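Here is a friendly tour of one model, written to be read with the structure open beside it. We will go through cavities, one helix, the cysteines and a few backbone details.

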Amino acid sequence: GYGTVMPRGSVPAALFLIGACMAGASEASNGSEGAEPLAEAGERLLEAMFDAPRAVFEADRDAADVEVLRWVARHFMHPDTSTPAGRRHMARMGEVNTFASGHLAELVTEEMVSLSAWDRQDVAGSARGGEVEVRVSDRVVMELGVGGGAAFVDVAATCQRLGWRALGVDVSAASISATHKALEAAETGSAAYSLLLCDVSEGLWALPDASVDVIYHLNCWYFWNDLPSALRELHRVLKPGGVILAGSKVEGIASVFGPRLPEVSDMFRNMIQGDYTGALTANGFMNSEEQVQKAAAEGSKNSRSSVVGYTLTRSIKKGNGAGM
């Protein structure tokens, strides 16, 4: 099972996770040396983004040094959770994405429940019509870019109930560490999940072909170094008929940096929604897309509009689906 994935030679996944968490703390510590003024300026700008009126934040952003902007952009992908401010920022980013991550987790759960119902029907039919309780051990759901673990904790709980396995992947050691802590706080059984530190663009080398049933990610594909390569890898590990659910908030990220987006564009490598769906089609997926929105909370002082939401893309790997 995925509890014994050995991503580096013969090192068990559990030890790899511990090493990832320690590496994250070490990287954060080393990165902060000699960079206090830059970090302080970046933290102030992040605080303004979350708490200040929109006009105040925009004025601060437009006046900021380019290195401060790049510090903020880096922390979108590699949050520093070694400091109280860094942990607070990760929590606040989770709050900003509460609706999108919660809604996406609900959709993932629906996919899982549907497949589990298929399994029960199949087993019941082979047992001469008798109702058979079955726990499916080879069903796997994977999240790319677990962040602070908001959606992953919910999905892992569903895995415990249905007998699935949840695999969380992130390129950030700090995010892996934060998700691990969130799972422990939720008292999620370790048999229900594994965490993997890697870059999908460079390959999910720990996973065999056609081994995953459902993949989901939120605010993730903008950072992939090689979009076509990443999607080819997802196509490889996904079972025929398997589903990818992706939540995207490209316009929201663009609005954070506004006219200064070109100064950090090399850090957000993919910022056109059509490029993502086009690459999916080119790599063997059938896609549907919709806008998911709800009314913004009243009194939200830095809301950019009267609604909050995201773009949902549902992609199916071509091939025989059904029970997969």
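## The second largest cavity

The second largest cavity has a volume of about 30 Å³. The model is a predicted one, so please read this value, like those that follow, as computed from predicted coordinates. Around this cavity you will find Leu46, His75, Pro79, Asp80, Gly86, His89, Met90 and Met93. Sorted by class, that lining comprises four nonpolar, three polar and one charged residues.

Which helix gives the most to this lining? The answer is α5, spanning residues 84-96, with four residues.

## The largest cavity

In total, the model holds two cavities of 30 Å³ or more. The largest cavity has a volume of about 40 Å³, and its lining consists of Leu45, Leu46, Met49, Phe57, Arg61, Leu69, Val72, Val256 and Phe257. Four elements give two or more residues each to this lining: α2 (36-51), α3 (54-63), α4 (66-77) and α10 (250-257). Of the contributors, α2 gives the most, with three residues.

The chemistry of this lining is easy to summarise: eight residues are nonpolar, none is polar and one is charged. If you select both linings in your viewer, look for Leu46, which appears in the lining of the largest cavity and also in that of the second largest.

## Helix α5, face by face

Back to α5, the helix that gives the most to the second largest cavity. At 1.5 Å a residue, its 13 residues should span 18 Å, and the end C-alpha atoms are indeed 18 Å apart, so expectation and model agree.

Which residues of α5 are buried? They are Ala85, Gly86, His89, Met90 and Met93. Viewed down the helix axis, these buried residues fall within an arc of 140 degrees, so they line one face of α5. The general geometry helps here: an α-helix has 3.6 residues a turn, so residues three or four places apart point the same way. On the other side of α5, Pro84 and Glu95 are exposed. Of the buried set, Gly86, His89, Met90 and Met93 are also among the residues lining the second largest cavity.

## A link between α2 and α5

Glu40 is a residue of helix α2. Its relative accessibility is 42%, so Glu40 counts as partly exposed, between the 20% and 50% cut-offs. Along the chain, Glu40 and Ala85 are 45 residues apart, while their C-alpha atoms are separated by 9.6 Å.

## Cysteines

How many disulfides does the model contain? The count is zero. Two cysteines are worth a look for their surroundings: Cys198 is buried, with a relative accessible area of 8%, and Cys220 is buried as well, at 10%. Both are called buried because their values are under 20%.

## Positive phi in two loops

Two residues invite a check of the backbone. Glu187, which is not a glycine, has a positive phi near 55 degrees. Glu187 sits in the loop between α8 (173-185) and β3 (193-197), and with 70% relative accessibility this residue counts as exposed.

Asn219 also has a positive phi, of about 50 degrees, although it is not a glycine. This residue is in the loop between β4 (212-218) and α9 (227-237). Is Asn219 buried or exposed? Its relative accessibility is 18%, so Asn219 counts as buried, whereas Glu187 counts as exposed.

Note on methods. Residues are numbered from 1 along each chain as its sequence is written. This is a predicted model: local features need pLDDT of at least 70, side-chain atom pairs count only at pLDDT 80 or more; totals for chains, interfaces and linings use all residues. Side-chain values use heavy atoms; hydrogens and water are left out. On a 1 Å grid over the protein atoms alone, a cavity is a set of points where a 1.4 Å probe fits but cannot get out, and a pocket is an open set with protein on both sides within 12 Å along at least five of seven lines; lining residues have an atom within 4 Å of a point. Grid points are joined across faces, edges and corners, and a volume is the space filled by probe spheres set on the points. Ala, Val, Leu, Ile, Met, Phe, Trp, Tyr, Cys and Pro count as nonpolar, Asp, Glu, Lys and Arg as charged, and the others, Gly among them, as polar. A disulfide is a pair of cysteine sulfur atoms within 2.5 Å. Buried means under 20% relative accessible area, exposed over 50%, partly exposed in between (1.4 Å probe, protein chains only). The expected span of a helix is 1.5 Å times one less than its number of residues. The arc is that of the directions from the helix axis to the C-beta atoms.
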